[in-house]
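Reader: I would like a close look at one position and at the part of the chain around it. Please keep to what can be computed from the coordinates.

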Amino acid sequence: MDVSRIFRNKRRIPDVGVTGNESAATLASQGHERWLGPVAAYTVGEQGAPGPAVVIIPAHNEERLIARALEVLLADAGPSEFEVVVACNGCTDRTVERARQAARTLGHRVTVLSTPIASKAAAIRAAEAVVSGFPRMYLDADVECSTATARAMVSAVRSGSAVAVPTRMLDTAASTRAARAYYGGWNALPWVQAQLAGRGAYTISRAARETFGEFPDVGADDRFVTTRVPRDEAVVVPHPILITPPGRLVDVLRVRRRVYAGNVRAPAPSHDQSRADRVGGLALMVVRQPSLAPKLAVFAGTTAVAKV
């Protein structure tokens, strides 16, 4: 499958929104370095159009991927459709420079922050200190979220959803056979298809954001946020986000250990099914789809080891 075709949307929408520039002195007092990309002049339209949606992209040593993430996100965006903040945190590579260069090339409003602490939660807090708009999207720096997908999530929230997430699409072309087996089993599980976290992006309303104060220091920020609202107030939009997962099973194991540890620490209610329901669901899937048995076995074994 040519996954790049998914991210070619040529539609444009009218410019909307109004915003202002934050004080450089305020940012300096917070210990952050800030760079503001090209700013388009725009005003609220005659019909009082909403302001730009905010997109926060925490980035730690993502010099290879940050420019591509911005390019895909803003490829078909109107000049005032999104207010993007790249929150570089603890970077020892050229993530900051690459983000700034991409902003110049694309000609969109992009704020680049640089903080010395390697912490996703701290990066989000720094970004939220310089924005005020909603809906608010939180986007991983190592995924590809097209303009159409971002626009669909924002539209869903503006239409009344508390949380909107994209449809997950995995690019496993470079993965080992064992890793592909794991992903095949994992992605076939009904509760994985329904869960809101682990999708590389989520968009929330002002009301959802006001259910908590500052972002806490938890590893699974998406789980923390998306499980704070009733499940029927969240929606999975039928637009994809491209995720390139770890290519080796040993790397899958390392990531899953970190995810499970973050889930345990996250102080939030859960939409998860019980362990008994999951075990029963696995058994039922094997009975109904025997061809999935090898993949589900790899998934189950890897999960068991990761949770030890």
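In which helix is the place of T149?

Author: T149 lies in helix α5; helices (DSSP runs of H or I, at least four residues) and strands (runs of E, at least two) are numbered from the N terminus. The model is a predicted one, in which local features need pLDDT of at least 70 and side-chain atom pairs count only at pLDDT 80 or more, while totals for chains, interfaces and linings use all residues. Residues are numbered from 1 along each chain as its sequence is written, and side-chain values use heavy atoms, with hydrogens and water left out.

T149 counts as buried because its relative accessibility is 1%. Buried means under 20% relative accessible area, exposed means over 50%, and partly exposed is in between (1.4 Å probe, protein chains only). Leaving aside residues up to four places away in sequence, T149 touches P166, H239 and P240, a contact being heavy atoms within 4.5 Å. With P240 there is also a polar link: the T149 side chain reaches the backbone oxygen of P240 at 2.6 Å. A polar contact is a pair of N or O atoms within 3.5 Å; within protein, one must be able to donate a hydrogen and the other to accept it, and residues adjacent in sequence count only if both atoms are side-chain atoms.

The helix itself belongs to a wider packing. The largest nonpolar core has 35 residues, and those with the most contacts inside it are I57, F82, V84, V86 and L139. Helix α5, residues 147-158, gives the most to this core, with six residues. Such a core is a set of buried Ala, Val, Leu, Ile, Met, Phe, Trp, Tyr and Cys residues joined through side-chain atoms within 4.5 Å. Among the residues touched by F82, not counting those up to four places away in sequence, are T147, A150, R151 and V154, along with P52, V55 and R109. A second, separate core of 26 residues includes Y138, V165, Y202 and F215.

Helix α4 (residues 120-128) is mostly covered, with seven of its nine residues buried. These are A121, A122, A123, I124, A126, A127 and E128. They pack against elements that include β2 (53-59), β3, β4 (110-115) and β5 (136-139), as well as α8 (206-209) and α9 (221-226).

Helix α3 has a more one-sided arrangement. Its buried residues are T95, V96, A99, R100, A102 and A103. They cover an arc of only 160° around the axis, and therefore sit on the same side of α3; the arc is that of the directions from the helix axis to the C-beta atoms. The face turned away from this buried side carries the exposed residues R104 and T105. After α3 comes G107, with a positive phi near 75°.

Before α3, D93 is found in the loop that follows β3 (82-89). D93 counts as partly exposed because its relative accessibility is 22%. A polar contact of 2.7 Å joins its side chain to that of T95. Not counting residues up to four places away in sequence, D93 touches N61, E62 and E63. The C-alpha atoms of D93 and R64 are 9.6 Å apart, although 29 residues separate the two along the chain.

As for the whole, the chain has twelve helices and nine strands, and 49% of its 308 residues count as buried.
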